[in-house]
Amino acid sequence: MKGGKNLKKRPSHPAKDRNNIKKRFSSNDSFFENEVTDRKRHRKFKNDEEIKSSDEDEDEGEYGSEADAEEKEEETPAEKRKRLADAFLEKLRAKEREKDEDEESEEGEGRRERDTLIAKILQQDQLEESGRVRRAIASRVQKPETSEGFRILVKHRQAVTCVALSEDDSRGFSASKDGAIVHWDVETGKSEKYLWPSDEVLKAHGLKDLQGRAKKHSKQVLAMAVSSDSQYLATGGLDRHVHLWDVRTRQHLQAFPGHKGPVSCLTFRQGTAELFSGSFDRSIKIWNAEDRTYISTLFGHQSEVLTIDSLRKERVLTVGRDRTMHLWKVPEESQLVFRAPASSLECCCFINNDDFLSGSDDGNVELWNVLRKKPVHIVKNAHVSFGEPKSDQINSEGLSNGHKENDAQDLLRHGSTALSWVNSVAVCRSSDLAASGAGNGLVRLWAIENESKGIRPLFELPLDGFVNSLAFAKSGKFLIAGVAQEPRLGRWGRAASAKNCVALHPLKLS
């Protein structure tokens, strides 16, 4: 270049430049100090494993100890189940230890024998709960004496609509059309009433503004259910809400809105806080009582849902005025539909996971199996009122296809009356003993035959009035009935001589 210096470009050395920059600014800039210390703290070996400094280890140790402490404070559901199972096993061991205290010779052998016996008890309980083993109770029920009958436990002002028993059969619950909810002792009959809170409290608990007929009859109760742990009581009625109560304190906990019609039926899944509600809006809703939350809704009925039942498995059985019975498989989100032969079904209940019982408005009692869409067995005119000719058909066996024989067609001319409607059916859990109630003045006991091939009548228990609800003790030693002067869901019949009450009938087992 003319008139200028020949500038020669010097080669750059990035590493040297970087070191020079560090030397220049290291005394004043803390960034380089941190970088140097980080490099010292991290050493790499040939296998590329990174070793961190002791300072970081100490920090992590402190953080981990705090996290462990928090985890120990909060118990997980699995840990809670294990703790409760261990407590239950220890309770069983204590009972067996008391029995064998005098007979034990060696401590080790005695413990092994107790554990074997406990395992057998648990296995038998599990088989009975799952429905794979059926207890033979019907054959052990002795014929009631004429002096024995229903004993009144609790009186109500208006029609009793529903009854329920706790898991240990020591306490009972009942409700009526005047909104009264009563909790009573089975042995003594001592009762305690649940008090409805004020409107302000109900709204704070989730109650929505009522309209139309729902506002006029806001306290009328049509259904109730109690959880397996006897912690929660659920009620429902004309106000279109599901109300949750605390059994120990008898206080109102929550009001679940969502149904667009009266809540007609309720049930808890055994061993859980999962609650199912059926309504006149043709839907079934699922709730969680422990979390007090809504889960989902099941659709399928074409008319009002009348009765609902469930066992331990995630299945729900419902009947509606559309002459169908639905078996809902909740996890699979599917349903099986069973159609009544010629009448409207009024009530239903599980026998086990595969068999169930129903009652209809023509006085029939039907036995169903999950593999058949028609009843396996029908008892015709199971509850003939005193105004109708009883004939021999009361105790006759129905045909397996659900049709009557030709020579019995004349009985169809006798129309069903409100007194012969089967309002309630019940089965003693995991057994072959069943009962049905109507308004003809009788509660009938039935024996379910082996492999559910049929049902046969056992005994008749006189009881005046409409039997709107039935509940067996788990032991099979007594039967609870909710009796009223009028049916549960209407006023199309009346028994003026009857009493609105809860009645108990003892059952003697051989």
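1. Two strands are said to pair if DSSP finds at least two bridges between them, and the strands themselves, like the helices, are DSSP runs numbered from the N terminus (E and at least two residues for strands, H or I and at least four residues for helices). The model is a predicted one, in which local features need pLDDT of at least 70 and side-chain atom pairs count only at pLDDT 80 or more, while totals for chains, interfaces and linings use all residues. Residues are numbered from 1 along each chain as its sequence is written, and side-chain values rest on heavy atoms, with hydrogens and water left out.

2. As an overview, the protein chain has seven helices and 30 strands. Of its 510 residues, 47% are buried, where buried means under 20% relative accessible area, exposed means over 50% and partly exposed lies in between (1.4 Å probe, protein chains only). Taking contact to mean heavy atoms within 4.5 Å, 50% of the contacts between residues at least 6 apart in sequence join residues at least 24 apart.

3. Strands 8, 9, 10 and 11 make an open sheet of four strands in the order 8-9-10-11, with antiparallel pairing. Strand 8 (221–226) and strand 11 (251–256) each have a single partner strand and stand at the edges, so one side of each has no neighbour in the sheet. From one strand to the next the twist averages 25°, with axes taken as lines fitted to C-alpha atoms (for helices, over the stretch in contact) and angles running from 0 to 180 degrees between N-to-C directions. Strand 10 (residues 242–246) is joined to strand 11 by five bridges, and His243 has Ala255 in strand 11 as its bridge partner.

4. Another open sheet of four antiparallel strands follows the order 4-5-6-7. Its edges are strand 4 (160–165) and strand 7 (191–194), each of which has a single partner strand, so one side of each is left without a neighbour in the sheet. Here the twist averages 20° from one strand to the next. Within this sheet, five bridges link strand 5 (residues 171–176) with strand 6 (residues 181–185) in the antiparallel sense, and Phe173 stands opposite His183 in strand 6.

5. Strand 18 (324–329) deserves its own point. Five of its six residues are buried, so strand 18 is largely enclosed by the rest of the structure. Antiparallel pairing connects strand 18 to strand 17 (residues 315–320) over five bridges, and to strand 19 over six bridges. His326 is the bridge partner of Thr318, and His326 has Val337 as its bridge partner in strand 19.

6. Both connections are hairpins. Three residues lie between strand 17 and strand 18, and in this hairpin Arg323 takes a positive phi near 65°. Four residues lie between strand 18 and strand 19, where Glu333 in the turn has a positive phi of about 55°.

7. Where does Val330 lie? Val330 is in the loop between strand 18 and strand 19 (334–339), and Val330 counts as buried because its relative accessibility is 16%. Leaving aside residues up to four places away in sequence, Val330 touches Phe276, Ile286, Glu314 and Val316. Val330 and Leu298 are 32 residues apart in sequence, and their C-alpha atoms are 8.6 Å apart in space.
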